[in-house]
Amino acid sequence: SYLDAIDPEWVQENFEPRLAWEHAEALPLWRSYARGGIGSARLFNALKPAALAAFERQQLADDEFEGLVSNLLSVAIWHRRGEAPEYDLTAAEVRRALTVGPPSARRNVSGNLWRMMGKAVQDGADDGDAEVPVADKPTRWRTLVGPLFRSIWPLDAKLRAKSTTRNLVLMALESEAAFPEVVEAILDVIVPYELYQLSHSLRLEDKHSELVRQHPRA
């Protein structure tokens, strides 16, 4: 990304061909690139086919997939907010990556969705702006997190797992008045897990203790 910002023509001619999976240097270069930032729209769009192919190949380590999937999720969030249209990525492509990719990719996205619901502020722009308040949690679910989740999350029964279930349940616990809506959205993609810990959280933690009384059916 840094080299592309300095000399995109050099990168396009000398570097991008090495990130094609047919090239002998592709795997080590992707292991490095996956740990970096998104970069320019030109670079993101040029590397997108190979980036999406990486999920199907499953040759990267979990922490490397974490970088790739975080970049995809960031662009998907921008698009949901009506930003960065120059980055070429569809929700269907993100869903495809999560469907064919390793469990760590789905675990990472579910964890990010949980943190998006729970945070009290959102990150500022890349230029170092201070954090700014975000909408209340029900509005956040209805306008950002919920539509994003429904558009990218794979519905395949074989992909349900305890690790993603835990994150999605924690996401629901952060949703306040939107709790029944979140439960309805995640109910078909979760599996039983650590029931004692969940019931303990609902019963004793001040943060969530009102959910049972306010939304007993959900």
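## Exercises on a predicted model

Aspartate 4 is buried, with a relative accessible area of 5%. This residue opens the exercises below, which concern a predicted model.

**Exercise 1.** Determine which salt bridges involve arginine 42, and where in the chain the partners lie.

*Solution.* Begin with aspartate 4, which forms a salt bridge with arginine 42, the closest N and O atoms being 2.5 Å apart. Aspartate 4 belongs to helix H1 and arginine 42 to helix H4, 38 residues apart, and the pair thereby links distant parts of the chain. Next, look for a further partner: the side chain of arginine 42 also meets that of glutamate 16 in a salt bridge, at 2.6 Å from N to O. Because glutamate 16 sits in the loop between helix H2 (8–15) and H3, while arginine 42 is in helix H4, this pair ties together parts that are 26 residues apart in sequence. Then compare the surroundings using the cut-off for burial, under 20% relative accessible area: glutamate 16, at 13%, counts as buried, whereas arginine 42, at 29%, is partly exposed.

**Exercise 2.** Describe the salt bridge between glutamate 64 and arginine 35, and say whether each residue is buried or exposed.

*Solution.* The two side chains meet at 3.1 Å, N to O. Glutamate 64 lies in helix H5 and arginine 35 in the loop between H3 and H4, so the salt bridge ties together parts that are 29 residues apart in sequence. As for accessibility, glutamate 64 counts as buried at 6%, while arginine 35 is exposed, with a relative accessible area of 53%. Returning to the pairs of the previous exercise, salt bridges that share partners join Asp4, Glu16 and Arg42 into one network. A search of the whole structure finds 12 salt bridges.

**Exercise 3.** Work out which helices supply the lining of the largest cavity.

*Solution.* A search of the whole structure finds 2 cavities of 30 Å³ or more, and the largest has a volume of about 90 Å³. Its lining includes Trp30, Tyr33, Phe44, Leu47, Phe55, Leu68 and Leu72, and also the polar or charged residues Asn71 and Lys48. Sorting the lining by element shows that helix H3 (26–33), H4 and H5 each supply at least two residues, with the largest share, 5 residues, coming from H4.

**Exercise 4.** Find where glutamine 58 and alanine 84 lie, and compare their phi values and their exposure.

*Solution.* Most residues other than glycine have a negative phi. Glutamine 58, however, has a positive phi near 55 degrees, and alanine 84 has a positive phi near 50 degrees. Glutamine 58 is placed in the loop between helix H4 (41–57) and helix H5 (62–80), and alanine 84 in the loop between H5 and helix H6 (91–100). In exposure, glutamine 58 is partly exposed at 42% relative accessible area, whereas alanine 84 is buried at 15%.

**Exercise 5.** Identify the residues that make the nonpolar surface patch, and the helix that gives the most to it.

*Solution.* The patch, of about 480 Å², is made by Tyr2, Leu3, Ile6 and Trp10. Helix H1 (residues 2–6) gives the most, with 3 residues. One of the patch residues, isoleucine 6, is placed in helix H1 and counts as exposed at 53% relative accessibility.

**Exercise 6.** Summarize the secondary structure and burial of the protein chain.

*Solution.* The protein chain has 12 helices and 2 strands, and buried residues make up 40% of its 218 residues.

Technical notes
Residues are numbered from 1 along each chain as its sequence is written. This is a predicted model: local features need pLDDT of at least 70, side-chain atom pairs count only at pLDDT 80 or more; totals for chains, interfaces and linings use all residues. Side-chain values use heavy atoms; hydrogens and water are left out. Patches are made of residues with over 30% relative accessible area and no salt bridge: like charges are joined within 9 Å, nonpolar side chains (Val, Leu, Ile, Met, Phe, Trp, Tyr) within 5 Å. Accessible areas come from the Shrake-Rupley method with a 1.4 Å probe; for residues, only the protein chains shown count as cover. A salt bridge is a side-chain nitrogen of Lys or Arg within 4 Å of a carboxyl oxygen of Asp or Glu. Helices (H or I, at least four residues) and strands (E, at least two) are DSSP runs, numbered from the N terminus. Buried means under 20% relative accessible area, exposed over 50%, partly exposed in between (1.4 Å probe, protein chains only). On a 1 Å grid over the protein atoms alone, a cavity is a set of points where a 1.4 Å probe fits but cannot get out, and a pocket is an open set with protein on both sides within 12 Å along at least five of seven lines; lining residues have an atom within 4 Å of a point. Grid points are joined across faces, edges and corners, and a volume is the space filled by probe spheres set on the points.
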